[in-house]
Amino acid sequence: MAERAALEELVKLQGERVRGLKQQKASAELIEEEVGKLLKLKAQLGPDESKQKFVLKTPKGTRDYSPRQMAVREKVFDVIIRCFKRHGAEVIDTPVFELKETLMGKYGEDSKLIYDLKDQGGELLSLRHDLTVPFARYLAMNKLTNIKRYHIAKVYRRDNPAMTRGRYREFYQCDFDIAGNFDPMIPDAECLKIMCEILSSLQIGDFLVKVNDRRILDGMFAICGVSDSKFRTICSSVDKLDKVSWEEVKNEAVLLQTPAQAGEEPLGVGSVAAGGRYDGLVGMFDPKGRKVPCVGLSIGVERIFSIVEQRLEALEEKVRTTETQVLVASAQKKLLEERLKLVSELWDAGIKAELLYKKNPKLLNQLQYCEEAGIPLVAIIGEQELKDGVIKLRSVTSREEVNVRREDLKTGQNGDFNFYYGYFIDYYWQKWPDTTPFSYKALGA
Amino acid sequence: MVSSAPSFPPQIEEEVGKLLKLKAQLGPDESKQKFVLKTPKGTRDYSPRQMAVREKVFDVIIRCFKRHGAEVIDTPVFELKETLTGKYGEDSKLIYDLKDQGGELLSLRYDLTVPFARYLAMNKLTNIKRYHIAKVYRRDNPAMTRGRYREFYQCDFDIAGNFDPMIPDAECLKIMCEILSSLQIGDFLVKVNDRRILDGMFAICGVSDSKFRTICSSVDKLDKVSWEEVKNEMVGEKGLAPEVADRIGDYVQQHGGVSLVEQLLQDPKLSQNKQALEGLGDLKLLFEYLTLFGIDDKISFDLSLARGLDYYTGVIYEAVLLQTPAQAGEEPLGVGSVAAGGRYDGLVGMFDPKGRKVPCVGLSIGVERIFSIVEQRLEALEEKVRTTETQVLVASAQKKLLEERLKLVSELWDAGIKAELLYKKNPKLLNQLQYCEEAGIPLVAIIGEQELKDGVIKLRSVTSREEVNVRREDLVEEIKRRTGQPLRIC
């Protein structure tokens with residue numbers, strides 16, 4: 001504090017000096033020099049606190065992903081992407097914003113929820129509202145007549161966010177679509193198969209997929225006496241879900257409460273995936289109005305993130321946020337050099353390893369670090385062991401130790417070190433079969 | 001269609017409805033709608049082929065970050081405008097703002113470092129080792145042939161926290177070298193310098209504080225232009241005295257290993273400057289650690305490295321790819337930076353209400369440039385890049401076998417095998433084989449009437465054209481064996 005006060009005093013004095021020089025009309029060079037000194041002093045002082053409010057937050061309706069949330073997210077995406085790849089899908093990516101005119105007229109009432117970019121003299125841009133319109137633009141732009149693709153990316157809607165229910169203004173969409181002229185219902189069936197595979201693999205509970213067809217709705221409303229002009233409003237009353245007007249087949253997967261929990265018939269607790277056939281969209285982008293029939297699905301991952309996070313918390317499962325296999329530690333002082341050498345050898349052999357950034361860390365602190373981070377093994381360097389040419393390998397959970405010869409650790413990739421590593425992991429799993437050191441059991445990996 | 005008698009509203013409504021429906025079938029009014037089918041200036045789609053390259057590059061990079069025990073975070077694509085204000089100096093004019101639509105004023109993130117500092121301050125974190133891979137946005141004048149876009153990926157790795165000197169800094173350099181080696185994009189060199197050495201050097205040469213930044217940016221051009229040109233810019237355009245420029249020239253044209261550090265520590269003028277001494281001392285320690293990490297031969301202490309961004313406070317580094325003499329016929333010179341970073345101890349403090357400092361050191365991989373290099377390399381080698389991972393196509397040899405195909409492909413999916421089928425009721429065998437060749441699918445499982453009676457599937461290798469009959473029950477195992485897959489369900 002005193003240091004700061006002294007600095008402020010210096011700034012004040014220097015400021016006066018500059019003012020004085022300017023009044024005296026001193027040489028430009030001299031003034032420049034003294035101003036430079038003043039700026040440097042001010043920079044050391046840091047930003048002017050009275051001017052800067054520290055509004056430390058993310059924008060409304062958005063959030064950071066902490067390492068823990070990223071671990072959940074990565075596991076969920078892994079399940080989903082593996083399924084898409086299993087079905088032979090390619091993957092594409094598009095820019096986060098599109099030309100405003102690309103998005104105009106595609107979203108009906110929802111158009112007011114689109115984020116626009118400021119007019120800064122160039123093209124008028126808007127943040128993408130979903131992944132389907134960019135997909136249709138991509139197909140038309142590249143004159144593609146068929147593709148099977150997935151696309152996982154964030155989209156933007158100026159909703160009134162209800163974040164407790166997992167609704168944000170920036171959120172992930174996971175889309176899978178099959179575009180092309182094919183024999184009826186085969187790709188449609190595969191989409192439903194994919195939806196079921198994903199929801200089963202995620203192990204988030206029993207689910208049901210509701211299916212209907214726009215042409216059936218049309219026909220039903222017609223024979224009931226609903227006028228054509230009232231069709232859309234009646235439809236949206238009937239449809240509790242979402243806004244996109246799928247033209248034909250529409251389906252929706254909902255999660256069910258188990259009867260044991262609800263004490264009643266399973267009722268949907270909310271949609272986790274949806275999709276359908278939409279044959280007219282690409283034609284809206286093609287100058288000749290050429291149609292490319294499409295059928296696809298979208299996984300509601302944000303809701304799935306919440307469900308998985310809740311489940312992990314309920315099970316009190318520890319979620320690892322790193323994959324480190326071994327910490328390189330030292331038992332006495334002055335062994336930093338040895339630690340740096342060993343950790344480098346392990347990295348070069350492809351082993352995931354860390355060391356504490358301290359010259360002389362206490363062994364206890366190093367072991368504690370392993371426990372907090374879930375690191376299963378420690379490679380301890382000690383003076384005596386160095387003389388004997390061995391490293392002490394220790395299991396963090398079982399606390400068993402074994403001396404391993406240094407040369408054995410050096411024998412190339414996946415050499416003896418991995419054998420010992422495997423030994424400890426197997427041993428650990430045999431002793432405690434219900435827990436795994438670093439996988440997400442709740443996700444059924 | 002419209003009745004002129006307004007006294008029959010329900011009937012009019014009905015007919016208007018029919019009119020709208022007919023018009024909708026007609027499609028949008030073409031004269032009104034221009035079809036501007038393009039992505040915004042400076043941005044691009046990633047085709048499946050480009051995604052395959054991108055995925056491979058990210059895989060190498062992420063594996064390295066994870067090998068070093070890094071966690072990963074993500075932040076929103078836009079920040080409150082005030083979060084980004086005042087952090088980028090002159091570059092602030094390149095920030096994309098969002099339109100004022102009645103809520104908070106927002107801007108697209110310009111890099112991943114400021115969001116990181118905001119994240120640390122917001123969560124009151126004092127230490128973390130994290131990576132972050134995401135797109136950032138700059139309203140540059142894009143030179144897309146040189147891989148410069150307005151929307152592009154950044155790959156950042158940073159270690160925040162108060163630690164013993166130079167250990168995390170050395171690990172950052174080790175990571176940079178591991179990544180560039182694994183990517184196999186050619187020989188590279190990592191230039192290292194220190195902000196305090198630059199400060200001290202300019203001071204003893206006689207550069208005034210107010211000229212520091214602008215002289216820095218001139219000196220930084222030495223990797224692309226000759227010293228004569230740099231000197232002319234400093235003297236002619238920036239008003240530096242020629243003697244001062246000459247003194248600078250004596251220093252900045254030097255580069256070498258730890259011996260240069262030791263030499264400068266003995267330099268009579270430089271050793272009188274406290275800042276320079278600190279910087280040199282830290283670099284000496286850094287070189288010791290880098291030697292233990294086995295990468296000292298890749299590192300060059302280069303006094304002309306004077307990187308752009310203002311927030312570096314200590315060591316700074318930049319990795320450049322070298323052309324091989326065989327190609328250029330001359331000395332290897334840098335063809336452009338592919339990674340860079342340094343220490344920045346003052347940034348987080350700018351976000352903390354109490355000005356609490358969290359020292360940081362990190363690196364950023366220039367992936368867009370690496371994508372281009374890898375794509376070019378694949379094209380030169382005429383390597384076919386697969387865009388799917390499908391292992392087997394389920395095909396039929398005769399008509400009316402769709403049901404059997406659907407059953408079999410479903411069995412394969414349920415066993416975790418990557419399989420496809422054509423969406424045709426009665427596809428020709430030739431078309432199905434052609435599909436495999438184009439997509440690079442290695443195996444075909446052919447269902448035929450006779451084979452069905454015999455209870456077998458004909459498994460065919462697309463490249464060798466060898467065929468073998470496999471019993472239905474053994475098919476899954478046989479496919480997994482041939483594709484090197486573990487027998488457990490993936």
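Start with the cysteines: the disulfide count over all chains is 0, taking a disulfide as a pair of cysteine sulfur atoms within 2.5 Å. A disulfide is a covalent bond between the sulfur atoms of two cysteines. Select A:Cys191 and A:Cys294; the sulfur of A:Cys294 is the closest cysteine sulfur to that of A:Cys191, yet at 10 Å it is too far for a bond. A:Cys191 is buried, with a relative accessible area of 5%. (Buried means under 20% relative accessible area, exposed over 50%, and partly exposed in between, with a 1.4 Å probe and protein chains only.) Now hop to B:Cys205, which is in no disulfide either; its nearest cysteine sulfur belongs to B:Cys216, 12 Å away. B:Cys205 has 0% relative accessibility and counts as buried.

Before you go on, keep in mind that this is a predicted model, where local features need pLDDT of at least 70 and side-chain atom pairs count only at pLDDT 80 or more, while totals for chains, interfaces and linings use all residues. For finding your way, residues are numbered from 1 along each chain as its sequence is written, chains are lettered from A and ligands numbered from 1 in the order in which they are written, and side-chain values use heavy atoms, with hydrogens and water left out.

Next stop, charged pairs. Side chains of opposite charge can pair when their charged atoms come close. Over all chains there are 68 salt bridges, each a side-chain nitrogen of Lys or Arg within 4 Å of a carboxyl oxygen of Asp or Glu.

Pick A:Asp116 and B:Lys99, a salt bridge whose closest N and O atoms are 3.8 Å apart. This one crosses between chains: A:Asp116 is in the loop between helix H4 (100–103) and strand S3 (125–127) of chain A, and B:Lys99 is in the loop between helix H3 (81–84) and strand S3 (106–108) of chain B. (Helices, H or I with at least four residues, and strands, E with at least two, are DSSP runs numbered from the N terminus.) Buried or exposed, where does A:Asp116 fall? A:Asp116 is buried at 8% relative accessible area, whereas B:Lys99 is partly exposed at 41%.

Stay in chain A and show A:Lys154 with A:Glu170, a salt bridge with its closest N and O atoms 3.8 Å apart. A:Lys154 sits in strand S4 (residues 147–156) and A:Glu170 in strand S5 (residues 170–179), so the pair ties together parts 16 residues apart in sequence. A:Lys154 is buried at 9% relative accessible area, and A:Glu170 is buried at 5%.

Over in chain B, B:Arg118 bridges to B:Glu79, with the closest N and O atoms 3.0 Å apart. B:Arg118 is in helix H4 (residues 113–122) and B:Glu79 in strand S2 (residues 78–80), distant parts of the chain 39 residues apart. Both B:Arg118 and B:Glu79 are buried. Then add A:Arg73 and B:Asp74 to your selection: with A:Lys154 and A:Glu170 they form one network of salt bridges that share partners.

Two helices to finish. Helix H5 of chain B (residues 167–183) has 17 residues, and 15 of the 17 are buried. Right after H5(B) comes B:Gln184, with a positive phi near 50°. Helix H13 of chain B (residues 367–381) has 15 residues; its buried residues include B:Phe371 and B:Leu378. Just after H13(B), B:Glu382 also takes a positive phi, about 50°.

Technical notes
The expected span of a helix is 1.5 Å times one less than its number of residues.
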